[in-house]
Amino acid sequence: MRSDIMNAEVSAQHLEMLLDANPDVPIILFWDRAPWHRGKPIDKVLEDNPRLEIIFFPTASPDLDPQEHVWKAVRKEVSHNHLEVQLPELADRFLVTLNSSTFKSSFLDKYGYTAVCPMFN
């Protein structure tokens with residue numbers, strides 16, 4: 001989801017989209033501690049949707065967050081030595097790369113997929 005701003009309202013909208021795309025199944029979302037991942041709009045979505053649970057990564061632990069590895073790979077591919085002088089064009093290249101690439105992550109295997117997954121089968 002692309003957005004010109006990052007705030008709790010936009011994050012809540014993203015959560016609603018995630019819930020709509022995955023109806024009737026429990027969702028565990030691992031999130032970093034960005035300021036826009038907290039606040040009244042997020043609290044309201046969680047209150048209205050008990051099947052959604054958010055687990056926050058520990059403070060100052062980007063090594064645990066698979067998203068950080070994705071951003072690093074995309075920055076290396078797109079934004080290092082780029083020719084774009086306008087931010088929108090660079091953002092478009094980021095989006096194309098994110099949507100057309102797969103990123104290997106052993107996070108769930110390493111930190112609990114085998115323990116968490118049986119709970120939902």
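Visitor: How many residues does helix 3 have, and what span does helix 3 reach from its first C-alpha to its last?
Guide: This is a predicted model. In it, helix 3 covers residues 66-79, which is 14 residues. At 1.5 Å a residue, 20 Å is expected. The span of helix 3 is close to that, at 19 Å.

Visitor: Which residues of helix 3 are buried, and within what arc do they fall?
Guide: The buried residues are Val70, Val74, Val78 and Ser79. Look down the axis of helix 3. These buried residues line one face of the helix, because they fall within an arc of 105 degrees.

Visitor: Which exposed residues sit on the face of helix 3 turned away from its buried side?
Guide: The buried side has a cover that includes helix 4, residues 87-100. Turn to the face pointing away from that buried side. The exposed residues there are Lys72 and Lys76.

Visitor: Which residue just after helix 3 takes a positive phi?
Guide: Step just past the end of helix 3. There, a phi of about 60 degrees turns up. The residue with this positive phi is Asn81.

Visitor: Which element gives the most residues to the largest nonpolar core?
Guide: The largest nonpolar core has 11 residues, including Ala8, Ala12, Leu15, Leu19 and Leu29. Elements that give two or more residues to this core are strand 1 (27-31), helix 2 (40-48), strand 2 (52-56) and helix 1. With 4 residues, the top giver is helix 1.

Visitor: Which residues does Leu29 touch, leaving out those up to four places away in sequence?
Guide: Leu29 is one of the residues of the largest nonpolar core. Leave out residues up to four places away in sequence. The residues that Leu29 touches are then Leu15, Leu18, Leu52, Glu53, Ile54 and Ile55.

Visitor: How many residues are in the other core, apart from the largest one?
Guide: This other core lies apart from the largest nonpolar core. Among its members are Val70, Val74, Val78 and Phe94. Its count of residues is 5.

Visitor: Is Ser11 buried or exposed?
Guide: Ser11 lies in helix 1, residues 8-21. It touches Trp31, Trp36, His37 and Ile42, not counting residues up to four places away in sequence. Its relative accessibility is 4%, and buried means under 20%, so Ser11 counts as buried.

Visitor: Which residue's backbone oxygen does the side chain of Ser11 reach?
Guide: Follow the side chain of Ser11 to a backbone oxygen 2.7 Å away. That oxygen belongs to Trp36.

Visitor: How far apart in sequence are the parts tied together by the pair of Phe30 and Phe57?
Guide: Phe30 and Phe57 form a tilted aromatic pair, 6.0 Å centre to centre, with 35 degrees between the planes. Phe30 is partly exposed at 32% relative accessible area, whereas Phe57 is buried at 6%. Phe30 lies in strand 1 and Phe57 in the loop between strand 2 and helix 3, so the pair ties together parts whose separation in sequence is 27 residues.

Visitor: Is the pair of Trp71 and Phe94 stacked, edge-to-face or tilted?
Guide: Trp71 in helix 3 and Phe94 in helix 4 are 23 residues apart. Trp71 is partly exposed at 30% relative accessibility, whereas Phe94 is buried at 15%. The ring centres are 6.2 Å apart. The planes meet at 40 degrees, and stacked needs under 30 and edge-to-face over 60, so the pair is tilted.

Technical notes: Residues numbered from 1 in each chain as written. Predicted model: local features only at pLDDT ≥ 70, side-chain atom pairs only at ≥ 80, totals over all residues. Heavy atoms only, no water. Buried < 20%, exposed > 50% of the residue type's maximum accessible area, 1.4 Å probe, protein only. Polar contact = N/O pair within 3.5 Å; in protein donor to acceptor, adjacent residues only side chain to side chain. Contact = heavy atoms within 4.5 Å. Expected span 1.5 Å × (residues − 1). Arc of directions from axis to C-beta. Core = buried A, V, L, I, M, F, W, Y, C linked by side-chain atoms within 4.5 Å. Phe/Tyr/Trp six-rings, centres within 6.5 Å; stacked < 30°, edge-to-face > 60°.
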